[in-house]
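This report goes through a structure by way of its helix packing, its chain contacts and a few individual residues. The sequence and coordinates come first.

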Amino acid sequence: MRRALPFIAGAALVALPFVYHAPYPLHILVMILIWSFAYTSWSMMGRFGLVSLGHGGFMGIGAYVTALLWNHAGVSPWIGIPLALVASGVLAVVVAYPCFRFRIIGHYFALVTLALSGIVLQVITATRDWTGGSLGYTPERYQGGSLLYALQFTSKATWYLIALGVWAAGLYVWRLVDRSMMRYALEAISEDEDGAAATGVHVTAEKLKITVLSAVMTALAGALYCQYQMFISPDTVSGIAISLQMVFAVVVGGIYVSLGPTVGAVITIMLAEVLRISFGTRAVGWDNLVYGVLLVIFIIFLPKGILGSLLDLKRPRAAATLTRSPARSA
Amino acid sequence: MAFFDIYLLEALINGILLGGVFALLSLGLNLIFGVIDVVWICYAELIMLGMYGMYFVYSVYHAPFAVAAVTCIAGVAVLGVILHVLVIAPLLGAAPINQLLATGGVLFFLQSAATVMFGIEFKNLGLRLPVLKAAGMFISYARLLAFAAALVGMVLVYLFLSRTYTGAAIRAIAQDRQIMTLMGVDTRRIYLITSALGGALAGLAACLLVLLYDVHPFVGLSFGPIIFLICVLGGLGNLAGGFVAAFVFAEIISLGGLYLDLEWGYVFAFVFFIVMMCLRPEGLLPRRS
């Protein structure tokens, strides 16, 4: 029964849009799935103590490179997205390699990547002739021919299925990493870099691999967001606020479990929507107010997040082996 | 090309003055960085609240500027203490990154608290200091004032740290936090004093910044990242290094703004930061240990 559970849940999720297709709930679900995927991508490296505040930058690159190639060069997103992913991966190597090589770790690493977020945000704003600056940018609607070529769909159900597929793929990648030797290498590194190196772990290479993977996945989330929303602005897909939002959602959901980031996305997005619906424009600011307080409380009292702590409650014996992880660094 | 030279000179001088503003902004953060070894990522938001404080005391309740400034400095100092007691103290033993993230939560909280309480309209004191015209150049008087305040602030902090008993204890704790308890220094008291001092410096920065910029709930994001980078670039807790880094950053931004756009100035500054982190991870002026 336990083994069948993911398949039953998966089948139910796939069947959902065929049974129920009110646009608003589907829209919320698509947003939850896209952001869940972005948060999962962040926690791919975040769970190993590599706290990056630069993921807003990678997401912005995914969104803007795809949209710019489409509008200015007429390149289909089917080619544009892979190019955006490559661009994001290259940027990750350029910034992360020197960091890892020169052992910039912990909060220094967070601050270097914070600068990266800042760079991407400022470049997008500065090249306003191309990107529309802080006013935002819209990929042109494709006139005629197949919409598949332009990766633009008006049906929410189609987007739901795409987002679901990408999200599931993200969880699969998480599982692959979780079961690989890389995971043990990275856990060793996050405990003690010298010790890991002494036992034959190539510290720089392992960290670089997971960083590039995480950056590329985040860029894919950005590109998906852009294709779905058909509007991007520096503040919604890049910058320091987005980077912090990722960290926040993951910490609340649970950083060490595969569904933690998803739980974080569900909580944050539902919270914002509930506040928006029940209080309307008076709710401006209230969602972030609650986030802020929650983030502080979670870091102090529940560093493993909601899902992580719930799982520990359920399996007290397994918890004993897991409790070492949060002490490392969340 | 004579004209060009004057623009360049003006940009250089404005860069120095902007450096003064940055130096003032990063002074308190640097102190906290150095002594408590915690990154208050919400430091810029404390300054933002201080700016609102100035706005309300000066423009709404019509108190004289000096009274408003003192109220604001004291108020932000109290905020600093509250922040330390509520958020930092329970996390002193946790990983540094957890402390950074918790203060990130405070950042969200303060920003949205300001949105909820004050609205998102831009507010200013309605007080515009004259612009100094000298030899065909325009120099902001308010920046000059901030520059002077940064210098005075740094000298005062330096004197406090080097000439008083408490200052000596603060410096000692920055060097070794375990041993000081054995030497009969109450670490918690020193942390509280440092937090209050850091807050007061944020308040001082707010008093002068409110002359330069309009205040709105997100004003912190426009200079927050820069001041962290300045502190790191200067070498954490190294006040003189932070001072130098502030001027280097400001010149890069000012010259980038002269030749291209202001945004490119920021891009160059950030790139410079990343490059320097790799070349000199200890900061521009490494501390002798």
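In chain A of this predicted model, helices α4(A) and α11(A) meet along a series of residues. From α4(A) the contact takes in A:P77, A:I81, A:A84, A:L85, A:S88, A:G89, A:A92, A:V93, A:A96, A:Y97, A:F100 and A:R101. Their partners in α11(A) are A:T204, A:K207, A:L208, A:T211, A:V212, A:A215, A:V216, A:A219, A:L220, A:A223 and A:Q227. By class, the residues of this contact comprise 16 nonpolar, 5 polar and 2 charged. Two packed helices are described by the angle between their axes and the distance between the axes. For α4(A) and α11(A), which covers residues 203–229, the angle is about 145° and the axes are 8 Å apart. The crossing of α4(A) and α11(A) is right-handed.

**Chain A as a whole**

Chain A contains 18 helices and 0 strands. The C-alpha trace of chain A spans about 60 × 45 × 40 Å along its principal axes. A compact globule of 330 residues would have a radius of gyration near 20 Å, and the 20 Å of chain A agrees with that. Of the 330 residues in chain A, 48% count as buried. When contacts in chain A between residues at least 6 apart in sequence are considered, 77% of them join residues at least 24 apart.

Helix α3(A) runs over residues 55–73. The 19 residues of α3(A) reach 26 Å from the first C-alpha to the last, close to the 27 Å expected at 1.5 Å a residue. Most of α3(A) is covered, with 14 of its 19 residues buried. After α3(A) comes A:G74, which has a positive phi near 65°.

**Contact between the chains**

How many residues of chain A are in contact with chain B? There are 39 of them, and they meet 38 residues of chain B. On the side of chain A that touches chain B, α4, α5, α13 (239–253) and α15 (286–301) each supply at least two residues. The most comes from α5(A), with 14 residues. By class, this side of chain A has 30 nonpolar residues, 9 polar residues and no charged residues.

Helix α11(B), residues 262–279, takes part in packing across the two chains. With 18 residues at 1.5 Å a residue, α11(B) should span 26 Å, and its end C-alpha atoms are 26 Å apart, which agrees. The buried residues of α11(B) are B:E263, B:G265, B:Y266, B:V267, B:F268, B:A269, B:F270, B:F273, B:I274 and B:M277. In chain A, these buried residues pack against α4 (77–101) and α5 (106–126). In chain B, they pack against α9 (219–234) and α10 (239–259).

**Individual residues**

The table gives the surroundings of four residues, as C-beta neighbours within 10 Å.

| Residue | C-beta neighbours within 10 Å | Class |
|---|---|---|
| B:M51 | 30 neighbours | buried |
| A:Q152 | 18 neighbours | partly exposed |
| A:R103 | 14 neighbours | partly exposed |
| B:H62 | 8 neighbours | exposed |

B:M51 is part of helix α2 (residues 43–60) of chain B. B:M51 counts as buried because 30 C-beta neighbours lie inside 10 Å. Apart from neighbours within four places in sequence, B:M51 is in contact with B:A206, B:L209, B:V210, B:V215 and B:V219. B:V219 is 168 residues from B:M51 in sequence, yet the two C-alpha atoms are 9.7 Å apart.

A:Q152 sits in the loop between α7 (147–150) and α8 (156–178) of chain A. Residues up to four places away in sequence aside, A:Q152 touches A:R141, A:Y142, A:L147 and A:Q227. A:Q227 also belongs to the contact of α11(A) with α4(A). The C-alpha atoms of A:Q152 and A:H27 are separated by 15 Å, with their positions 125 residues apart along the chain.

Which residues have a positive phi without being glycine? A:R103 has a phi of about 55° and is not a glycine. It lies in the loop between α4 and α5 of chain A. B:H62 likewise has a positive phi of about 55° and is not a glycine. B:H62 is located in the loop between α2 and α3 (65–88) of chain B.

Definitions and conventions: Residues numbered from 1 in each chain as written. Chains lettered and ligands numbered in written order. Predicted model: local features only at pLDDT ≥ 70, side-chain atom pairs only at ≥ 80, totals over all residues. Helix = DSSP H or I, 4+ residues; strand = E, 2+ residues; numbered from the N terminus. Expected span 1.5 Å × (residues − 1). Buried ≥ 20, exposed ≤ 12 C-beta atoms within 10 Å, placed from the backbone. Contact = placed C-beta atoms within 7 Å. Nonpolar A, V, L, I, M, F, W, Y, C, P; charged D, E, K, R; others polar. Axes fitted to C-alpha atoms, helices over the stretch in contact; angles between N-to-C directions. Left-handed = near helix turned anticlockwise from the far one by under 90°. Rg over C-alpha atoms; globule rule 2.2 N^0.38 Å.
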